[in-house]
There are 2 protein chains.
Amino acid sequence: MTVELQGTSLIGSARGGRGGAAFHGVDPASGAALAPTYHSATADEIEQAAALAAAASADLARRSGAERAALLRAIAEELEAARADFERLVPLETALPVARAGGELTRTTTQLRLFADLVADGSWVDARIDHADPARQPLPKPDLRSLRRPLGPVVVFGASNFPLAFSVAGGDTASALAAGCAVIVKAHPAHPATSERAGLAIAAAVARCGFPDGTFSLLFDAGHEVGAALVRHRDVRAVAFTGSTAGGRALMDLAAARAQPIPVFAEMGSINPVFVLPAALAARGAAVAEQLHASVLQGVGQFCTSPGVLVVPAGADGDALRDALATRFAASAPGVMLTAGIARRHAQGAAELGARTGVAALVAPAQPDGCAQPALYEVDAAQFIADAALQEEVFGPTSLIVRARDAAEWQALIAHLHGQLTATVIADADDAAEAGPLVESLTGIAGRVLMNGVPTGVEVAAAMVHGGPYPASSDSRTTSVGTAAIERFARRVCYQNVPDALLPPALQEANPLQLWRLVDGQRRRD
Amino acid sequence: MTVELQGTSLIGSARGGRGGAAFHGVDPASGAALAPTYHSATADEIEQAAALAAAASADLARRSGAERAALLRAIAEELEAARADFERLVPLETALPVARAGGELTRTTTQLRLFADLVADGSWVDARIDHADPARQPLPKPDLRSLRRPLGPVVVFGASNFPLAFSVAGGDTASALAAGCAVIVKAHPAHPATSERAGLAIAAAVARCGFPDGTFSLLFDAGHEVGAALVRHRDVRAVAFTGSTAGGRALMDLAAARAQPIPVFAEMGSINPVFVLPAALAARGAAVAEQLHASVLQGVGQFCTSPGVLVVPAGADGDALRDALATRFAASAPGVMLTAGIARRHAQGAAELGARTGVAALVAPAQPDGCAQPALYEVDAAQFIADAALQEEVFGPTSLIVRARDAAEWQALIAHLHGQLTATVIADADDAAEAGPLVESLTGIAGRVLMNGVPTGVEVAAAMVHGGPYPASSDSRTTSVGTAAIERFARRVCYQNVPDALLPPALQEANPLQLWRLVDGQRRRD
């Protein structure tokens, strides 16, 4: 179902105008501007979208889990119906291959359906009931019941690097809608057509399911003004963002300075250290080199979880791994990056890394315009610890080998490392004595600790954590991927001595929704 | 077991020196300075306490739920052993009656034991397991397991108005220790001896249970410098605070401006509106007057949940309730407040309230030094909505009657009200048609909605929410009372493909701790 794209914002079911600053999508492979022309939302349109979202909030809070599930499934269907559009638009706007576009669409619809299942079940509201005890001394005990309810309007910033799964209809939107929040998406300017197409799919689903007009809006923004205005808007209750540390921190600062501060859930930068242990290295160094090389280069290194630091033992086996990696990096082809700006920043970041004291350039090729040529550097652990600049994320297929002598030096590195989305340990059975303490220490700095895998690839599951201590994320207590992501957009409300008839069904005595609940301290669903 | 108080900070198991600014506790009834002299922590002592807490964190994270439960129970025992001390010190330093001191101590030890039970059970870590599926297409599914682990060192600010239950050994400390975090308490200067005595009880329990030295420290502070330095300290991972909106916001701003921002869980101001509905008013106006008067005056109005706004119907029944309240307020005795400064601010706040346009002074007595004489004002709903200053909390036994004509005016009030800790509906069966929408709307602005009770009195229970949208709290997604308070101090960590032997027991396949876990989407404990 191909639809004509108009280049204007979606204000609920209405279209915005062409009054705001104009911009174009760009084909990163050719540098050519793409049709149609896009128009930033105006101040009036921002007000309209916010007012619609606020007006829809009471209705959305009342909707049952079954209704919210139906909306999420309808969005998945509408997106699926646009598969041909996405397989054309995503490669055009992002230079990502068509197979990636298709796979990412499947990930996106799977994610929507996972949240649909979650809210259809309904137990995520964590209903708790403590029955009254009028006879208790010295004071009677009241009847207390609580559950999670939606925060209210959420602003979602689309990410550049996952034009579907972390963008307009991505995990932030899915989890906020699942929680019962209205969503206003600020489209990423690097893929406006993909954004508009996804926004139309959501708007169609909203209309089809009879949800209120303000359930969803999509605002375009040539720069940062629309996004900033949304974060400052009095009716907005939370913000979700995936992108750079600088971008996320700017939103955190805006939100913290509001008269009424609101939470910003920003998933930001990470260098995702990988620790290669001696026995694994000795047993399968060549395979490790192949695996790490592939992970660094995946998607032209444009993953939040791309391994930017490879901690490799000092000594001959480590030298061999370094040389094998260097050989692979040197033989790799350049890749077109998402935007010319991202390619410039990669080239600059790689050059700056190579210029730091004590850093050896193993593979430091020229960087063609718009592209990234994989680059590899090396430094010893002591110097890495001495120079915090070496922890700056270089977004793209560039990595830094850090040579460490022993377990004490690993622990010193961990004590020095900033917060991370992931940390990986490559270890064999003979490494167990060292792997245990390493895993334990890494849980102190990372949201996810892996063994014998690569951090790229973030499973959408109940147990997933895609987050971590700052600067990996703005709030280490949350995740932006997996079902626990819904908890970001809800707050607990307690009802005290409220009669059954006035309680939401999730808290009524008969448990009509058959939820798992915590009743007088016991977990039960009867 | 009476012990001699020294007037110095507790830096782990060691005592601080007398190098910092000196101050005294004060008997609010007489204004007399109390012995001993107290000494603010010095910059060096702050560093020592933070370094000890950071050094203890890895050990604390490894401790089992059973060990943490034993510590919490030992603290409760040590506090109980000091009951005679608290029944002497609390009234002396705060002018609260001895029965309140005893009751609050019991609340404090009950709270500690509730968190002990919670962590002994262990299911609060919300362990989740998604098993691997190596055969999945297009990519194998990894084994993912996640649970909550402690954030790291937490700074707790003692509150003035609950010298035991929201102070050194109060809910914030109990929930942070339960989560496995080291705690540094900044003592409230209004009850230093009570704080020192409670701190000694905790320190004794820490030593008795073999917990590391940095598990707990207690720092004194004549002003705000020690607290500010702690919030800024690089090793601190979270802050808990109960107090004024201005105080809480200052900490939020400090924490947000850090190089690495940290969460501040501040429970702040609230005016706790009470809506009296017509049928209930007609049926039992006199009883409602008695109930509300008692709630406003409880503890000299020094409760976060004291009802500062009473929404009363226009018309004759409402006039009668107003008059009955006014008679009761006018006949009430003054009460000594916690500090001379709090009494001054109460007098000033009541005077400013009475000076606002459209506000009638029903009972506006002179305010004697150090005391609060209950005061009552009246305004109509339209004027309340027009003047945001009328939403300023007046901490003490002062309340504002707001006269509202109908349900539309209630909804207009709710749309205008800031975030609240509580909102109360007084309604009979004949009010049901109006009570339903009112309760639903109030859940949008309050953490706890009550019917036919008074908001003062906050039950410590699994279902409790003591929090609410800003400015009631800094983070509406959390509570500072009840077992869910522990979630503030933990973050989820995911283990991917980590062998069973290297997993924490909560995530091991055999479920050795017999926790309730979410396994492949099913809630189970086998």
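Which surface do the copies meet through, and what share of the interface residues of chain B are also interface residues in chain A? The answer is that the copies meet through the same surface, because 100% of the interface residues of chain B are also interface residues in chain A. Keep in mind as you look around that this is a predicted model. Below is a short tour, starting with one chain and moving on to the pair.

**One chain as a whole**

- Chain A contains 14 helices and 23 strands.
- With a radius of gyration of 25 Å, close to the 24 Å that the globule rule gives for 526 residues, chain A is as compact as a globular protein of that length.
- Measuring tape in mind, you can picture the C-alpha trace of chain A spanning about 75 × 65 × 40 Å along its principal axes.
- Of the 526 residues in chain A, 62% are buried.
- Among contacts in chain A with a separation of 6 or more, 75% are between residues 24 or more positions apart.

**Two domains in chain A**

- The domain assignment splits chain A into domain 1 (14–268 + 478–488) and domain 2 (274–451).
- Taken over C-alpha atoms, the centres of domain 1 and domain 2 of chain A are separated by 33 Å.
- Each side brings residues to the contact: eleven from domain 1 of chain A and eleven from domain 2 of chain A.
- On the domain 1 side of that contact in chain A, five residues are nonpolar, five are polar and one is charged.

**How the two chains meet**

- Chain B gives 55 residues to the contact, and chain A gives 55 residues.
- On the chain B side, the elements that give two or more residues are β5 (128–130), β6 (144–150), α8 (245–256), α14 (432–443), β20 (446–451) and β21 (490–496).
- The element of chain B that gives the most to this side is β21(B), with six residues.
- Sorted by class, the side of chain B that touches chain A has 29 nonpolar, 14 polar and twelve charged residues.
- Strands also pair across the two chains: β20 (residues 446–451) of chain A and β21(B) run in the parallel sense over three bridges.
- To find this pairing in the structure, look for A:R448, whose bridge partner in β21(B) is B:C494.

**The symmetry of the pair**

- Two copies of a chain are related by a rotation about an axis and a shift along it.
- Here, a turn of 180° and a shift of 0.0 Å along the axis lay chain B on chain A with an RMSD of 0.0 Å.
- That is the relation of a two-fold axis.
- In chain B, the C-alpha nearest the axis belongs to B:A256, 3.3 Å from it.

**A helix and a strand to look at**

- Five residues of helix α7 (residues 225–232) of chain A are buried, namely A:V226, A:G227, A:A229, A:L230 and A:V231.
- The cover over the buried residues of α7(A) includes α1 (43–62), β7 (154–157), β8 (183–186), β9 (216–219), β10 (238–242) and α8 (245–256) of chain A.
- In a regular strand the side chains alternate between the two faces of the sheet.
- Strand β11 (residues 264–267) of chain B has B:V264 and B:A266 pointing one way and B:F265 and B:E267 the other way, and all are buried.
- Strand β10 (residues 238–242) of chain B pairs with β11(B) in the parallel sense over four bridges.
- In that neighbouring strand β11(B), B:F265 is the bridge partner of B:A240.

**Residues in one loop of chain B**

- B:A222 is found in the loop between β9 (216–219) and α7 (225–232) of chain B.
- Because 17 other C-beta atoms lie within 10 Å, B:A222 is partly exposed.
- Leaving out residues up to four places away in sequence, B:A222 touches B:A21, B:F23, B:S40 and B:P189.
- B:H224 lies in the loop between β9 and α7 of chain B, and B:H224 counts as partly exposed, with 13 C-beta neighbours inside 10 Å.

**Unusual backbone spots**

- Most residues other than glycine have a negative phi, and most peptide bonds are trans.
- A cis peptide bond joins A:A35 and A:P36, with omega about -5°, and A:P36 is found in strand β4 (residues 33–39) of chain A.
- A:V300 is not a glycine, yet has a positive phi of about 55°.
- A:V300 is buried, with 24 other C-beta atoms within 10 Å.

How values were computed: Residues are numbered from 1 along each chain as its sequence is written. Chains are lettered from A and ligands numbered from 1 in the order in which they are written. This is a predicted model: local features need pLDDT of at least 70, side-chain atom pairs count only at pLDDT 80 or more; totals for chains, interfaces and linings use all residues. Two residues are in contact if their C-beta atoms, placed from the backbone, lie within 7 Å. Ala, Val, Leu, Ile, Met, Phe, Trp, Tyr, Cys and Pro count as nonpolar, Asp, Glu, Lys and Arg as charged, and the others, Gly among them, as polar. Two strands pair if DSSP finds at least two bridges between them. Copies are superposed by least squares on the C-alpha atoms of residues with pLDDT of at least 70 in both. A residue is buried if 20 or more other C-beta atoms lie within 10 Å of its own, exposed if 12 or fewer, and partly exposed in between; C-beta atoms are placed from the backbone. The radius of gyration is taken over C-alpha atoms; the globule rule is 2.2 Å times the number of residues to the power 0.38. Domain bounds come from an automatic or database domain assignment.
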